[in-house]
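User: I have a structure to study. Please show it, and let me ask how each label is earned.

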Amino acid sequence: MDFALTGEQREIQALAREIADNDIAPHAGDWDREHRFPREVFAKLGSLGLMGVCIPEELGGAGADFLSYVLVLEELSRADAGVGVTVAVHTSAATLPIVTFGTEEQKARFVPALARGEALGAFALTEPGSGSDAGSLRTTAVRDGDGWRLSGSKQWCTNGSHASTFLLFARTDPETVGARGVSAFVLDADHVEVTREEEKLGLHSSSTADLRLEDVHVDGDRLLHEERNGFAVAMATLDGGRIGIAAQAVGIAQASLDTARAYALEREQFGSKLAEFQAIRFKLADMATEIEAARQLTLRAAWLKQAGLPHGPAGAMAKLFASGVAVRASQEAIQVLGGYGYTREFPAERYYRDAKITEIYEGTSEIQRIVISRELLKTAERQLAASVPAED
Ligand code: COS
């Protein structure tokens with residue numbers, strides 16, 4: 001077991017930290033207040049290889065590993081969780097699935113612009129009537145000559161208003177109920193109509209849009225992977241994506257701790273710095289301990305994915321735990337700051353608003369528990385079956 005980062009991982013982490021501290025954190029409060037999507041930041045991240053960290057070099061990416069990508073997400077999210085989710089969805093929910101499931105032609109056509117940050121990617125699975133029960137989606141794709149004709153609507157699509165490439169899921173087999181009739185498509189911005197930009201509790205520097213497709217024709221080469229195998233594409237994509245959301249949660253939690261610690265060293269009450277009071281010290285200690293545990297779960301899940309090992313349940317555990325840590329840490333940061341924590345003068349209230357979504361998107365905490373418990377029980381059943389002697 002080796003807990004040390006490689007030289008390359010440390011370099012990429014340092015680069016992301018520098019951008020986060022200099023180009024993102026100083027503006028995050030304004031972007032939050034103005035609900036501004038900071039397009040220029042993604043151009044800069046793209047020019048530095050940070051919009052395609054774990055995408056192979058021959059496809060325009062930085063060619064680093066998944067763990068480096070997760071380190072970048074933590075740093076960006078520490079500065080601005082809206083920037084973090086934009087990069088996370090763009091990379092692991094839109095670009096990576098094309099790398100993994102695309103034909104050579106699809107990879108060459110779509111990936112380089114995404115990996116360089118010249119194009120932004122989005123992931124369109126959720127619909128008004130289909131959230132946690134993703135297999136019940138109703139957007140249809142029917143055969144139309146050599147291509148397809150798509151109709152339906154999608155909801156809460158991160159990057160929706162700014163993306164040029166959409167990984168979108170539709171039912172190609174209307175006879176089949178549930179997950180089996182779903183296929184995946186790679187679409188352009190002009191295939192989808194953005195009908196609404198969502199108003200959210202937090203993540204105001206990110207875009208969350210509703211989409212409509214009205215009898216849109218796309219060529220046959222827009223189908224990603226095999227027909228009727230789209231649900232597996234979505235699930236495998238979310239297995240990796242959830243590790244990224246765990247990293248985002250760790251970033252928010254770390255920002256919360258940093259803010260609380262700095263305030264405790266500054267603020268005086270009853271003639272002493274807050275940091276002198278055990279009530280405050282213990283809060284900081286608990287926050288730091290939980291954050292470290294969340295980070296280790298996240299890095300281990302990323303390591304499993306990089307090693308090509310099963311990582312779905314490990315990623316679900318990381319997201320389940322880290323998202324809870326982010327909510328608790330941001331809440332505690334407000335408590336340490338007291339009245340100031342409740343105001344916009346300090347970023348703690350932004351962290352609190354941003355943290356909540358990590359318990360919801362890319363699968364709620366309840367869905368993560370389903371993924372984890374299914375695997376637990378499957379393993380127990382296998383062990384049981386192996387220990388029962390076969391009947392003659
Ligand atoms: N990787 C690859 N394939 C997978 C998979 C995974 N992690 N998980 C499931 N599949 C496959 C199954 O093998 C099954 O294929 P077969 O029918 O060929 O056997 C198919 O997908 C259906 O799987 P399952 O029966 O488990 O589907 P369920 O409808 O029970 O759904 C959950 C499973 C609840 C885990 C799934 O719907 C889910 O993750 N929901 C949350 C969706 C989500 O995260 N939405 C947020 C979107 S981004 S904001």
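Analyst: Start with helix α7, which gives the most to the lining of the second largest pocket, with seven residues. The model is predicted: local features need pLDDT of at least 70, side-chain atom pairs count only at pLDDT 80 or more, and totals for chains, interfaces and linings use all residues. Residues are numbered from 1 along each chain as its sequence is written, and side-chain values use heavy atoms, without hydrogens and water.

User: Why is the second largest pocket said to lie between domain 1 and domain 3?

Analyst: Domain 1 (7–120) and domain 3 (232–382) both give residues to its lining, so the pocket lies between them. Domain bounds come from an automatic or database domain assignment.

User: What makes α3 (residues 66–79) a helix of the expected span?

Analyst: A helix is a DSSP run of H or I with at least four residues; a strand is a run of E with at least two; both are numbered from the N terminus. The expected span is 1.5 Å times one less than the number of residues. For the 14 residues of α3 that gives 20 Å, and the end C-alpha atoms are 20 Å apart, so the two agree.

User: How do you know whether α3 is enclosed or open?

Analyst: Buried means under 20% relative accessible area, exposed over 50%, partly exposed in between (1.4 Å probe, protein chains only). In α3, 14 of the 14 residues are buried, so the helix is largely enclosed by the rest of the structure.

User: Why do β3 (residues 147–158) and β7 (residues 208–218) count as paired?

Analyst: Two strands pair if DSSP finds at least two bridges between them. Eight bridges join β3 to β7, and the strands run antiparallel. In β7, V218 is the bridge partner of W148.
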